[in-house]
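Biologist: I would like to learn how to read a fold, feature by feature. Where do we start?

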Amino acid sequence: MVKQPEQGIKPVYVFDGKPPNLKGGELAKRAERRDEAQKLLQAAEEDGDAEAIDKFNRRLVKVTKTHAEEAKQLLKLMGIPYIDAPCEAEAQCAALVKAGKVFATATEDMDALTFGCNVLLRRLTFSEARKLPVQEIHFDKVLGGLELNHNEFIDLCIMLGCDYTGSIKGVGPKRAIELIKNHKSLEKIIENIDTKKFPVPEDWNYKEARLLFQEPEVSNADDIVLKWSEPDEEDLVKFLCGDKQFNEERVRNGAKKLHKARNTSTQGRLDSFFKILPNPTPTKRKTEEKKTSAKKVKASTNVKFRGKAK
């Protein structure tokens with residue numbers, strides 16, 4: 001968390017609220033996957049497979065309410081604002097971006113785009129050791145590239161699978177884009193698709209899922225005040241170096257970095273990076289252009305080719 005302010009980023013953290021009722025099916029699937037991981041973990045422990053034990057232990061990590069509250073307390077001591085979303089965090093993030101409160105949403109959950117987030121950043125929190133560049137995705141360019149409007153994009157995402165409902169079996173990304181471009185809506189697609197070849201889920205609640213994306217439950221962004229404050233170094237030490245056993249020197253160094261980042265300008269004038277030179281006189285510029293042109297012609301006559309002509 002220290003790295004982001006140190007690099008000129010002013011982060012805001014958004015926590016999930018209550019999940020929508022339609023998400024119950026997805027939560028049940030996650031519970032099943034955890035149960036399966038637990039069984040695989042037991043088998044790995046019996047075999048003494050250290051690598052598999054570590055793998056399945058990570059799958060079983062579950063964020064509890066206590067974890068969330070401790071994270072909020074830590075952010076408060078660091079002077080970083082956070083928001084409790086009434087429902088889905090990605091929906092609240094999208095609302096903040098659309099209102100101009102923040103520049104972008106940093107998440108690996110592509111649902112942020114379905115909620116209409118203008119700018120999405122991926123890999124922002126990835127480890128530097130992975131050496132993966134941050135991806136900046138602009139929603140208007142996504143829609144332009146796909147030649148879809150927002151509602152058509154929502155129907156496309158539902159068709160390909162989302163957290164709130166099932167999807168049409170056998171329809172992959174290529175066919176889904178063709179269908180939405182030809183028919184413009186899920187209603188028209190259902191009327192025209194071969195349901196024997198591509199079965200539609202029984203009692204498909206795609207309309208409710210669509211509404212969740214179109215009108216998500218979020219707090220009014222205009223009423224949200226974001227305030228960054230000085231880190232509380234002493235309380236950070238008390239919080240992290242007691243039962244949690246963090247190294248005190250590292251905590252104090254981190255607090256100092258936060259303080260420095262908060263009190264250092266992140267922008268500079270362009271001429272502080274480049275030396276501005278006066279424009280050459282017209283006569284001198286023409287002479288230089290002629291010399292450059294002559295050099296290019298000479299270079300082009302000295303090119304050697306290898307291989308056979310076709």
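Modeller: We go from the overall make-up to a sheet, a helix pair and two loop residues. Keep in mind that this is a predicted model.

Biologist: How many helices and strands are there in the protein?

Modeller: The protein has 14 helices and five strands. It has 310 residues, and 31% of them count as buried. Take the contacts with a separation of 6 or more: 58% of these join residues 24 or more positions apart.

Biologist: Now the sheet. How do I read the pairing of strands?

Modeller: Strands of a sheet pair through backbone hydrogen bonds, either parallel or antiparallel. Here, three strands form an open sheet in the order S3-S4-S5, and the pairing is mixed.

Biologist: Which are the edge strands?

Modeller: Strand S3 (105–106) and strand S5 (135–138), each of which pairs on one side only.

Biologist: In which sense do S3 and S4 pair, parallel or antiparallel?

Modeller: Parallel, over two bridges. One residue pair to look up is Thr105 with its bridge partner Leu120 in S4. S4 (residues 119–122) also pairs with S5, in the antiparallel sense and over four bridges. There, Val119 has His138 as its bridge partner, and Arg122 stands opposite Gln135.

Biologist: Next, helix packing. At what angle do the axes of H7 and H8 cross?

Modeller: Helix H7 (residues 139–146) and helix H8 (residues 150–160) cross at roughly 80°, and their axes come within 10 Å. Angles of 65 to 115 degrees count as roughly perpendicular, and H7 and H8 are therefore roughly perpendicular to each other.

Biologist: Which residues make the contact?

Modeller: H7 supplies Phe139, Val142, Leu143 and Leu146, while H8 supplies His150, Phe153 and Leu156. By type, the contact has six nonpolar residues, one polar and no charged. As for spacing, an α-helix has 3.6 residues a turn, so residues three or four places apart point the same way.

Biologist: Is H8 largely enclosed or largely open, and why?

Modeller: Largely enclosed by the rest of the structure, because eight of its eleven residues are buried. They are Glu152, Phe153, Ile154, Asp155, Leu156, Cys157, Ile158 and Met159. These buried residues pack against helix H6 (111–114), H7, H9, H10 and helix H11 (206–214).

Biologist: What caps the N-terminal end of H8?

Modeller: Asn149 does, with a side-chain oxygen 3.1 Å from the backbone nitrogen of Asn151. Just after H8 comes Gly161, with a positive phi of about 115°.

Biologist: Now the loops. Is Ser185 buried or exposed?

Modeller: The cut-off for buried is under 20% relative accessible area. Ser185 is at 17%, so it counts as buried. Its loop runs between helix H9 (173–183) and helix H10 (186–192). Leaving aside neighbours within four places in sequence, Ser185 contacts Asp155 and Ile180. Asp155 is among the buried residues of H8.

Biologist: Where does Asn247 lie?

Modeller: In the loop between helix H12 (233–240) and helix H13 (248–262). Asn247 has a relative accessible area of 43%, so it is partly exposed.

Biologist: Which backbone atoms does the side chain of Asn247 reach?

Modeller: It reaches the backbone nitrogen of Glu249 at 3.0 Å. The side chain of Asn247 also reaches the backbone nitrogen of Arg250, at 3.0 Å. Looking back along the chain, Asn247 and Val237 are ten residues apart in sequence, with 8.8 Å between their C-alpha atoms.

Terms used: Residues are numbered from 1 along each chain as its sequence is written. This is a predicted model: local features need pLDDT of at least 70, side-chain atom pairs count only at pLDDT 80 or more; totals for chains, interfaces and linings use all residues. Side-chain values use heavy atoms; hydrogens and water are left out. Axes are lines fitted to C-alpha atoms, for helices over the stretch in contact, and angles run from 0 to 180 degrees between N-to-C directions. Angles under 35 degrees count as roughly parallel, over 145 as roughly antiparallel, 65 to 115 as roughly perpendicular and the rest as oblique. Contact means heavy atoms within 4.5 Å. Ala, Val, Leu, Ile, Met, Phe, Trp, Tyr, Cys and Pro count as nonpolar, Asp, Glu, Lys and Arg as charged, and the others, Gly among them, as polar. Buried means under 20% relative accessible area, exposed over 50%, partly exposed in between (1.4 Å probe, protein chains only). A polar contact is a pair of N or O atoms within 3.5 Å; within protein, one must be able to donate a hydrogen and the other to accept it, and residues adjacent in sequence count only if both atoms are side-chain atoms. Two strands pair if DSSP finds at least two bridges between them.
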